[in-house]
Amino acid sequence: MNLSATRHQAPDEATALELFHLREWTDGLPVVIPTEERVEAMLAGVELDPDIILGEIGPGQATVEKVAINAVMAGCRPEHLPVVLAAVRAVTDPEFDIDNMQSTTHGMGPVIIVNGPARDVCGPIASGWGALGPGHRANASIGRALRLCLMNIGGARPGHGDMAALGQPGKFTCCLAEDEEGSPFPPQHTSFGYDADQSAVTLVGVDAPHSVMMQTNDDDPEAHERILRVVAGAIAIPGANNTQIGNGPVIVVLNPVHAGVLASAGLTREDVIERLVKLAVTPNSTMRGWATKRAFRDEDAYLPALRGPEDLVLIVAGGGGMYSAVFSGGLAGSTHPVHAPIHFDFSCELPGFPPA
């Protein structure tokens, strides 16, 4: 296999790791040293030439080899690489506007949502209890690999390329699968035209998740409306970018219990999204006096937080109970949810991966 990346020498891995930290090739955490043997083992999981260009991230070209190097560093297994490659393809889509997201002072980061058979083949990628928390190797490694690509290929380092004023933990890694088995709705990626048995990633640039608490009662005929109003209220909080700017993508993650209540009321995913777009508004009377650039006309009017259904991605994930989540967006309307297919072919057994 012909690899073209620059080679660096070190007497041992401990010294190499210190070199990586010194040259700011890491996200601040230790990495797996990407030896040639490990990079070749990573590439064994895909049938792509290492020099194929997937797209551009800022000043750099994202080749298959460069992505594989960062995947090794992030702790990925070879079976994770197809998901990482799909995420890189998505993030380089002009609709995502990665340059604007990298340079904004808002603490935005890409969230990777995985649908289809790759959830199990390439992981498993967690979708249930604590899917966005620690303890899930595939989730953590895949999301981290994309972040390392944004840093090492795209040049996004704090205060230099990445201008987030404060940042947020989701900029280290943020990846989860949709709980398709626990969802009463068709898989999220079918909204983009994929078949349910296809695998795909959806990428959305958003802020950190905001936990939304909603207690339900099986005897309450209005439970679905209460859920919709609480979620919409979490989207349209006065300080959120969506409320201040009036656009930008949002992710709503419903736990299976809340999703079940909405579906039992006869609502489809499209119905829920349409209702949330209408409900996610803030009265002018509330916003007047806040530090916002939005124009006020009628004191009794409302300021919408979303432009339309295209701004909202709704998935089902997490453990059952009273907590769902909202990820706010808002970046002057320039970034949009994007998607890409995941291509994998593991008809043969992958070779053993060299130990870290």
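Ile53 stands opposite Thr63 of strand β2 in this predicted model. The two residues belong to a pairing in which strand β1, residues 53–57, and strand β2, residues 60–63, run antiparallel over four bridges. Two residues lie between the strands of this hairpin, and Gly58 there adopts a positive phi near 60°. Strands of a sheet pair through backbone hydrogen bonds, in either a parallel or an antiparallel sense.

A further sheet is built from four strands. It is open, its order is β8-β13-β9-β12, and its pairing is mixed. Strands β8 (209–213) and β12 (312–316) form the edges, each pairing on one side only. From one strand to the next, the twist averages 20°. Within this sheet, β9 (residues 250–254) and β13 (residues 323–327) are antiparallel and are joined by three bridges; Val252 stands opposite Val326 of β13. Helix α10, residues 256–264, lies across β9, β12 and β13, and its direction is at about 90° to β9.

Another antiparallel pairing links strand β7, residues 200–206, to β14 through four bridges. Here Thr202 has His339 of β14 as its bridge partner. In a regular strand, side chains alternate between the two faces of the sheet. Strand β14 (residues 338–341) has Val338 and Ala340 on a covered face, whereas His339 and Pro341 are on an uncovered one.

The discussion now turns to the interior. In soluble globular proteins, nonpolar side chains tend to be buried together. The largest nonpolar core in this model has 56 residues, of which Val67, Leu81, Val114 and Val201 touch the most other members. Helix α4, residues 81–91, supplies the largest share of this core, with nine residues. A second core, separate from the largest, has 27 residues and includes Val272, Ala305, Leu306 and Leu314.

Val114 illustrates how distant parts of the sequence meet. When neighbours within four places in sequence are set aside, the contacts of Val114 include Val83, Cys175, Leu176, Val201 and Ile342. Arg119 and Glu178 are also among the residues in contact with Val114.

Helix α8 permits a simple check of geometry. This helix comprises the 13 residues 223–235, which at 1.5 Å a residue should span 18 Å; the end C-alpha atoms are 19 Å apart, so the model agrees with the expectation. The buried residues of α8 include the nonpolar Ile227, Leu228, Val231 and Ile235, together with His224 and Glu225.

Pro158 offers a contrasting environment. This residue is located in strand β4, residues 157–158. Its relative accessibility is 66%, and because the threshold for exposure is over 50%, Pro158 counts as exposed. Pro158 and Gln61 are 97 residues apart along the chain, and their C-alpha atoms are separated by 20 Å.

Aromatic contacts conclude the survey. A pair of aromatic rings is described by the distance of the centres and the angle of the planes. The count for this model comes to one aromatic pair, formed by Phe20 and Trp25: the arrangement is edge-to-face, with 5.0 Å from centre to centre and 85° between the planes. Why is Phe20 classed as buried? Its relative accessible area is 10%, and buried means under 20%, so Phe20 meets the criterion. Trp25, at 21% relative accessibility, counts as partly exposed, because that class lies between the 20% and 50% limits.

Notes:
Residues are numbered from 1 along each chain as its sequence is written. This is a predicted model: local features need pLDDT of at least 70, side-chain atom pairs count only at pLDDT 80 or more; totals for chains, interfaces and linings use all residues. Side-chain values use heavy atoms; hydrogens and water are left out. Two strands pair if DSSP finds at least two bridges between them. Axes are lines fitted to C-alpha atoms, for helices over the stretch in contact, and angles run from 0 to 180 degrees between N-to-C directions. Contact means heavy atoms within 4.5 Å. The expected span of a helix is 1.5 Å times one less than its number of residues. Buried means under 20% relative accessible area, exposed over 50%, partly exposed in between (1.4 Å probe, protein chains only). A nonpolar core is a set of buried Ala, Val, Leu, Ile, Met, Phe, Trp, Tyr and Cys residues joined through side-chain atoms within 4.5 Å. Rings of Phe, Tyr and Trp (its six-membered ring) pair if their centres lie within 6.5 Å; planes under 30 degrees apart count as stacked, over 60 as edge-to-face and the rest as tilted.
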